[in-house]
Amino acid sequence: MKTMLHTPVRMSRLRKGWSSLCLLTLSVLAACLPSGLRGQALPPQLFSEMDGIHFLDDGSSVPIWGYGWVTDGYITLPGPLLTYNEGQSVDLYFTNPSPESHTIHLHGLDVDQANDGVPATSFLVPLNGEAVYSFVADQAGTFLYHCHVTTTLHLTMGMYGMILVKRPDQTLFEGGPSYTDDVPLLFSDLEVATNLDPVGSFPFHDIRPDVFMINGKQGSQLEAEDQRVWAAPGDTLALRLGSMAYSRVRCHFPPELHAVCHMSDGRALPEPFAVDSLDIFPGERFTVLVAPEEGFEGSVSCDYWNMIDPGIEDTQEIHFGALPSSVDDLGDFDTMLGVGYPNPANSWYAPAVGAAGPDSGFQGEVVVTDLQGRECFRGRLEQGRLDVSDWPEGTYVARCGNRAPTRFMVFH
Ligand SMILES: [Cu+2]
């Protein structure tokens, strides 16, 4: 069991000697804590690494730098989705075991300068440095984060992710429309040659992206069940569109989606407008509500424009799938075989929607554990659903008999 020994320190206020002394003091303090306090879990903590691997649609892999959760132990492209509630006081813990300095720039959030992750005005997090970025998530909306050290290079190597600030009443903003679920969609790109040889990538203006991604996926990867946007009849989904791409991305919305843009760059628009196509430039975010017509199985096409010559460089698709109206019907829904839904979960999670055969959900005992292996649930499910409405936010693993376990997240 981990203890609070590694309480992060604000690097701008502490030199290394102080840091060691403080950690020693904290170690002694932690040893003296009552055992009940010593067992408490660490807050979620991001780390950065420069030795990651990212798989492309053709099965090849490219080296990446990036962020990951300390509890997971690996980095991803994009980095983990950070979700907060409006008004929440956030301490974002960060540690950097990688050889170069990094930061976390909170793109679009109204944080003070010391917590903004721009090296010149706040601080660098060097090798083996730890830091905490503190801010109040006072504005519901869609935001981004990325490393701000040699930004062009660190960004194109993969050091970025999305931040969602949500309202507990499931409306977009105060007085704004309500919706069923969030769908984070982060556009980005990379040039394979740069990622293979970051040292030789200078000058940066010669970088020409040749891999174009949505949530780090491209081509047939985006057709996978866990990458599709699933909508049940009557659902209104909030597409959280953000771009880390080099150039303009133009999204085309089919009329069956009834797409309406409500927010831009983390703020409500004075007047929402219906969209059939939408341009998103680097660093921009838009929130578009879609209400897919029942049974809609189409896609939103996203064109990646060349940053120098006019013309479309590549097109990627956001695929939509139609869910039945109730979880009871999911047994016949064999395209969802072995996949839990929804993920992330807010109020409920159906860990075995892919039950084979006509009689719907898994009938046996379901066991759910958290990432520390602690058992959170054991028993049979009511209507195939697990009530997670009062579960702590985090990552869980559900096991249904002999099937492959499914991993899911709870966010409120
Ligand atoms: Cu960096």
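**Exercise 1. Work out how the donor residues of the copper ion are spaced in sequence, and which atoms they offer.**

Step 1. In sequence the donors of the copper ion follow the pattern H-x44-C-x6-H, where a donor is an N, O or S atom within 2.8 Å of the metal (3.2 Å for Na, K and Ca), and water is not among the atoms, so sites may look incomplete.

Step 2. The protein donors are ND1 of H102, SG of C147 and ND1 of H154, and they lie 2.0 to 2.1 Å from the copper ion.

Step 3. H102 sits in the loop between β4 (88-96) and β5 (105-107), whereas H154 belongs to helix α3 (residues 151-156), so that this pair, 52 residues apart, links distant parts of the chain. Helices (H or I, at least four residues) and strands (E, at least two) are DSSP runs, numbered from the N terminus.

Step 4. H102 is buried because its relative accessible area is 0%, and H154 is likewise buried, with a relative accessible area of 0%. Buried means under 20% relative accessible area, exposed means over 50%, and partly exposed lies in between, with a 1.4 Å probe and protein chains only.

The model is predicted, so local features need pLDDT of at least 70 and side-chain atom pairs count only at pLDDT 80 or more, while totals for chains, interfaces and linings use all residues. Residues are numbered from 1 along each chain as its sequence is written, and side-chain values use heavy atoms, with hydrogens and water left out.

**Exercise 2. Describe the surroundings of strand β7 (residues 141-146), covering its burial and its partners.**

Step 1. Six of the six residues of β7 are buried, and the strand is therefore largely enclosed by the rest of the structure.

Step 2. In a regular strand the side chains alternate between the two faces of the sheet. In β7, G141, F143 and Y145 are on one side and T142, L144 and H146 on the other, and as these are all buried, both faces are covered.

Step 3. β7 pairs with β5 in the antiparallel sense over three bridges, where pairing requires that DSSP finds at least two bridges between two strands. Within this pairing, L106 stands opposite Y145.

Step 4. β7 is also joined to strand β8 (residues 160-166) by six bridges, again antiparallel, and here T142 has L164 as its bridge partner.

**Exercise 3. Find the strands that pair with β24 (residues 394-400), and say what stands opposite A398.**

Step 1. Five of the seven residues of β24 are buried, which means that this strand is largely enclosed by the rest of the structure.

Step 2. Strand β21 (residues 366-370) pairs with β24 in the antiparallel sense over five bridges, and in this pairing A398 is the bridge partner of V368.

Step 3. Strand β25 (residues 406-410) is joined to β24 by five bridges and runs antiparallel to it, with T406 of β25 opposite A398.

**Exercise 4. Compare the settings of G266 and E284, stating for each whether the residue is buried or partly exposed.**

Step 1. G266 has its place in the loop between β14 (260-264) and β15 (267-274), and at 4% relative accessibility G266 counts as buried.

Step 2. Not counting residues up to four places away in sequence, G266 touches Q139, A140, G141, T142, F143 and R285, where contact means heavy atoms within 4.5 Å. The residues G266 and F173 are 93 residues apart in sequence, while their C-alpha atoms are 9.7 Å apart in space.

Step 3. E284 lies in the loop between β16 (277-280) and β17 (285-290), and because its relative accessibility is 21%, E284 counts as partly exposed.

Step 4. Leaving aside neighbours within four places in sequence, E284 is in contact with L241, G242, S243, D265 and D279. The C-alpha atoms of E284 and F143 are separated by 8.6 Å, although these residues are 141 residues apart along the chain.

**Exercise 5. Summarise the protein as a whole, using its secondary structure, its burial and its contacts.**

Step 1. The secondary structure comes to four helices and 25 strands.

Step 2. Of the 412 residues in the protein, 50% are buried.

Step 3. Among contacts between residues at least 6 apart in sequence, 66% join residues at least 24 apart.
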